[in-house]
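Student: Could you pick one buried spot in this model and take me through it slowly? After that, I'd like to hear how the rest of the chain looks when you go through it in the same residue-by-residue way.

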Amino acid sequence: MERISPHQFMTLGSAVLLGTTFLPIALIVTGVGGRDGWMSILPGFVMGIPYGLMVLSFLAQYPQKNLLQITEILLGKWIGKIIGIMYILITGYFGGLLLGQVGNIYEGSIMPLTPFWLFCLGALLLVFYLVSSGIEVLARFSEAIFPVIVLALVLNLGLSIPRMEQGELMPILSEGIKPLLFGVIKTLPFAMEYTLFLTGILTFLPTGKQEFGQLKREIWRAVFLVGSLDTMVVLIQILVFGPTETVRIVYGLLELGKMVEVSRTVAGVESIFLGVWLGAAAIKIGAFFFMSTWGLESVFNLKGLKWNLAVGTVFVGIALGFTRAPNLITEISLVDNYVILPFTSVWILALWGISRWKKGAGVQ
């Protein structure tokens, strides 16, 4: 059985949580929170910490079992199967949408003449290699690539500082607290995506008492690190573009890269940044690929190369159904807000409550 260390758990979890969020998050929170939208990101991410800790609480009681298997134990075989099927459908569909986002961004930004499907196939091959190599390889890959992603983000934001207009941030809280609450709600689905990944990776985590304490701390670290990075991404975009333009631009961070020019010799930073972003996208798509295969194995006992190929085919098929950016962005938002958020939040909370009740009542 493969095992990943607490540090690998943190970097892999951070990479999954960050994933593709730093590209659309400014548009999302500014659209509902205005110029104060950046203030809602960290609270929204932090609200995901209790759910992560709830998932980890099952690790000591049910070692070497993921949450789908634990659901069958606590709720019965048929309810467990139904939840497992929903899990497979959600993770498979959303993973395909994320794969389509790779093709959409590359085709629309730096290689408009290259066919959309070629980007999707190239990204899928990288994902398929990582998945076929196992979760430990994906964790090591995240250890190598995540610091580079953070460095690229900081570099992109730092080089944009000369273009900031401080007046774009004023006045603060001019519309009250209500828009911030809407911003928190819009940010919550990102935390639920991370929680959904935790439900499957339980099987590969160390079960020692000391390691368990480290795993809980790593959840806090991952959430605060990614939340702070995304907050800076949104804040810089608002200061450079203003709230109105931030909402209009779909991928504002790429626009910042196009504007960067260092001593009239270094330009086109967005091309370099997109190369780094591919690694981030591969980790997140790989995570959803793993979730789909874990679901197939847990619910139907289906595993092996042919089922990995089947999942990959489904991913590509879904991606090819959303070649236009507006349709893709709308679909991702709908799945996030109306499928992943309610499904994950209700499932985890209900299962944790039932587990606590059975434990207190002495029911096996």
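Tutor: Let's start at Ser355, and bear in mind that this is a predicted model. Setting aside neighbours within four places in sequence, Ser355 is in contact with Phe58, Gln61 and Leu74. Ser355 itself sits in helix 15, which runs over residues 325-361. Is Ser355 buried or exposed? It counts as buried because its relative accessibility is 7%, and the cut-off for buried is under 20%.

Thr203 is another buried residue to look at, this time in a loop. You'll find Thr203 between helix 9 (178-201) and helix 10 (209-241). Its relative accessible area is 9%, so Thr203 is buried. What does its side chain reach? The side chain of Thr203 comes to 3.4 Å from the backbone nitrogen of Asn66.

Now for a whole buried element: helix 1, residues 6-18. Of the 13 residues in helix 1, 12 are buried. Among them are Pro6, Gln8, Phe9, Met10 and Thr11, and the buried list also includes Gly13, Ser14 and Ala15. As for geometry, helix 1 reaches 18 Å from its first C-alpha to its last, close to the 18 Å expected at 1.5 Å a residue. Right after helix 1 comes Gly19, with a positive phi near 40°.

On to the charged pairs. How many salt bridges does the count come to? Six, and I'll take you through three of them.

One of the six joins Lys81 and Glu72, whose side chains meet at 3.5 Å, N to O. The two partners fall on either side of the 20% line for burial: Lys81 is buried because its relative accessible area is 18%, whereas Glu72, at 21%, is partly exposed.

Another pairs Arg140 with Glu136, and here the closest N and O atoms are 3.4 Å apart. Both residues belong to helix 8 (residues 135-158), four residues apart, or about one turn of the helix. That spacing suits a side-chain pair, since an α-helix has 3.6 residues a turn, so residues three or four places apart point the same way. Arg140 is partly exposed at 43% relative accessibility, and Glu136 is partly exposed too, at 29%.

A similar story holds in helix 11 (residues 243-248), where Glu245 and Arg248 sit three residues apart, again about one turn. Their closest N and O atoms are 2.4 Å apart, and they form a salt bridge. Glu245 is partly exposed at 28%, but Arg248 is exposed, with 57% relative accessible area.

Next, the surface. Which residues make the nonpolar patch? Trp117, Leu118, Leu121, Leu125 and Leu320 do, and together they cover about 490 Å². Helix 7 (residues 116-133) supplies the largest share, four residues. Leu320 comes from somewhere else in the chain: helix 14, residues 305-320. Why can Leu320 take part in a patch? Its relative accessibility is 41%, so it counts as partly exposed, and patch residues need over 30%.

Just before helix 14 there's Leu302, in the loop that follows helix 13 (269-300). At 25% relative accessibility, Leu302 counts as partly exposed. Leaving out residues up to four places away in sequence, Leu302 touches Thr293, Leu296, Glu297 and Trp307. For a sense of scale, Leu302 and Asp36 are 266 residues apart in sequence and 47 Å apart in space, C-alpha to C-alpha.

One more pair gives you a distance to check on screen. Phe182 lies in helix 9 and is partly exposed, at 42% relative accessibility. From Phe182 to Arg324 the C-alpha to C-alpha distance is 27 Å, with their positions 142 residues apart in sequence.

If you go back to where we began, you can set the two loop and helix residues side by side: Ser355 is buried at 7% and Thr203 is buried at 9%.

Key. Residues are numbered from 1 along each chain as its sequence is written. This is a predicted model: local features need pLDDT of at least 70, side-chain atom pairs count only at pLDDT 80 or more; totals for chains, interfaces and linings use all residues. Side-chain values use heavy atoms; hydrogens and water are left out. Patches are made of residues with over 30% relative accessible area and no salt bridge: like charges are joined within 9 Å, nonpolar side chains (Val, Leu, Ile, Met, Phe, Trp, Tyr) within 5 Å. Accessible areas come from the Shrake-Rupley method with a 1.4 Å probe; for residues, only the protein chains shown count as cover. A salt bridge is a side-chain nitrogen of Lys or Arg within 4 Å of a carboxyl oxygen of Asp or Glu. Helices (H or I, at least four residues) and strands (E, at least two) are DSSP runs, numbered from the N terminus. Buried means under 20% relative accessible area, exposed over 50%, partly exposed in between (1.4 Å probe, protein chains only). The expected span of a helix is 1.5 Å times one less than its number of residues. A polar contact is a pair of N or O atoms within 3.5 Å; within protein, one must be able to donate a hydrogen and the other to accept it, and residues adjacent in sequence count only if both atoms are side-chain atoms. Contact means heavy atoms within 4.5 Å.
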